[in-house]
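Welcome! Here is a friendly tour of a protein chain you may be meeting for the first time. Take a look at the display, and then we can walk through it together.

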Amino acid sequence: MRSRDARKAESNVADIYQKVYEAERPEIFSKSIGWRVSGNGMPIRIRKDSQWNVPEPELVLVIHIRREVVGYCAGNDVSSRDIEGENPLYLPQAKIYNGSCALGHGILLCEGDEIKDIPIRLEIRRANEAIFNGEANISSLPTKSAIVHASFRMRS
């Protein structure tokens, strides 16, 4: 919900984000391919051409080749908010670049319907000092955008 409010406030076309949050279809995008991901304890990156970069703790679903959810982990969907806010069509530039996706500590294997009320915690450290600590619970995420009840099977 904090992300929704921030996106509306920062955008030149704020009403487009309200449409996303009220739509029947979820907002889905591909964040990264493997070689761009930062693993547990590895540094993340921000864009040099952005003045406003924010962390976004996320629930990451692990989907195997038969398109079934087999596990989950915490993720950090780093975003360049000023680029995204300038024009919603810049979303890929704001979200998809080397080091903009961090995953960790590991993957918890499960059946899709076992994903329930899970906390997602984020700590940002610079020079071995915590400069931000935050927590959200997946139960507070909008069901349509978070796929909280992940007992689904995707069909081609």
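A good place to start is Ser79, which touches Trp52, Asn53, Val54, Glu56, Ala94 and Lys95, leaving aside residues up to four places away in sequence. Please keep in mind that this is a predicted model. From Ser79 we can move outward to the overall fold, the charged pairs, the nonpolar core, some backbone details and the confidence of the prediction.

**Around Ser79**

- Ser79 belongs to strand 5.
- Is Ser79 buried or exposed? Its relative accessibility is 0%, and a residue under 20% is called buried, so Ser79 counts as buried.
- The side chain of Ser79 also reaches the backbone oxygen of Asp77, at 3.3 Å.
- Two of the residues that Ser79 touches, Glu56 and Lys95, will come back below as members of a salt-bridge network.

**The overall fold**

- The chain has 5 helices and 8 strands.
- If you read along the sequence, these elements follow the pattern α-α-β-β-β-β-β-α-α-β-β-β-α.
- The chain has 156 residues, and 30% of them count as buried.
- Among contacts with a separation of 6 or more, 62% are between residues 24 or more positions apart.
- About 10,200 Å² of the chain is exposed, and carbon and sulfur atoms supply 54% of that area.

**Salt bridges**

- How many salt bridges does the model hold? The count comes to 6.
- Glu56 and Arg81 form one of them through their side chains, at 2.9 Å from N to O. This pair links distant parts of the chain, 25 residues apart: Glu56 sits in the loop between strand 2 (53-54) and strand 3 (57-63), while Arg81 is in helix 3 (residues 81-86).
- Both partners of that pair, Glu56 and Arg81, are buried.
- Glu56 and Arg81 also take part in a network of salt bridges, linked with Lys31, Asp77 and Lys95.
- Another salt bridge joins the side chains of Arg47 and Asp49, at 2.8 Å from N to O. Asp49 counts as partly exposed because its relative accessibility is 49%.
- The side chains of Glu123 and Arg125 meet in a salt bridge as well, at 3.2 Å from N to O. Glu123 has a relative accessibility of 42%, so this residue is partly exposed. Arg125 has a relative accessible area of 46%, so this residue is partly exposed too.

**The nonpolar core**

- Which residues make up the largest nonpolar core? The 6 residues are Leu59, Tyr72, Cys110, Ile118, Ile120 and Ile138.
- As background, nonpolar side chains tend to be buried together in soluble globular proteins.
- Ile120, one of the core residues, touches Pro57, Glu58, Leu59, Gly134, Glu135, Ala136 and Ile138, not counting residues up to four places away in sequence.
- Leu59 and Ile138 appear in both of those lists, as members of the core and as contacts of Ile120.

**Backbone details**

- The peptide bond that runs from Gly104 to His105 is cis, with omega near -15°. His105 has its place in strand 6 (residues 101-109).
- Arg67 is not a glycine, yet its phi is positive, at about 65°. You can find Arg67 in the loop between strand 3 and strand 4 (69-77). With a relative accessibility of 37%, Arg67 counts as partly exposed.
- Ala127, also a residue other than glycine, has a positive phi near 50°. Ala127 lies in the loop between strand 7 (119-126) and strand 8 (129-137).
- Is Ala127 buried or exposed? Its relative accessible area is 79%, so Ala127 is exposed.

**Confidence in the prediction**

- The average pLDDT of the chain is 76, and 76% of the residues score at least 70.
- Where is confidence highest and where is it lowest? Strand 5 (residues 79-80) is highest, at 90, and helix 5 (residues 143-146) is lowest, at a mean of 41.
- The pLDDT stays below 50 over residues 143-156, a stretch that has 30 contacts in the model beyond near neighbours in sequence.
- Ser79, where this tour began, lies in strand 5, the element with the highest confidence.

Note on methods. Residues are numbered from 1 along each chain as its sequence is written. This is a predicted model: local features need pLDDT of at least 70, side-chain atom pairs count only at pLDDT 80 or more; totals for chains, interfaces and linings use all residues. Side-chain values use heavy atoms; hydrogens and water are left out. A salt bridge is a side-chain nitrogen of Lys or Arg within 4 Å of a carboxyl oxygen of Asp or Glu. Buried means under 20% relative accessible area, exposed over 50%, partly exposed in between (1.4 Å probe, protein chains only). Helices (H or I, at least four residues) and strands (E, at least two) are DSSP runs, numbered from the N terminus. Contact means heavy atoms within 4.5 Å. Accessible areas come from the Shrake-Rupley method with a 1.4 Å probe; for residues, only the protein chains shown count as cover. pLDDT is the predictor's confidence in each residue, from 0 to 100. A polar contact is a pair of N or O atoms within 3.5 Å; within protein, one must be able to donate a hydrogen and the other to accept it, and residues adjacent in sequence count only if both atoms are side-chain atoms. A nonpolar core is a set of buried Ala, Val, Leu, Ile, Met, Phe, Trp, Tyr and Cys residues joined through side-chain atoms within 4.5 Å.
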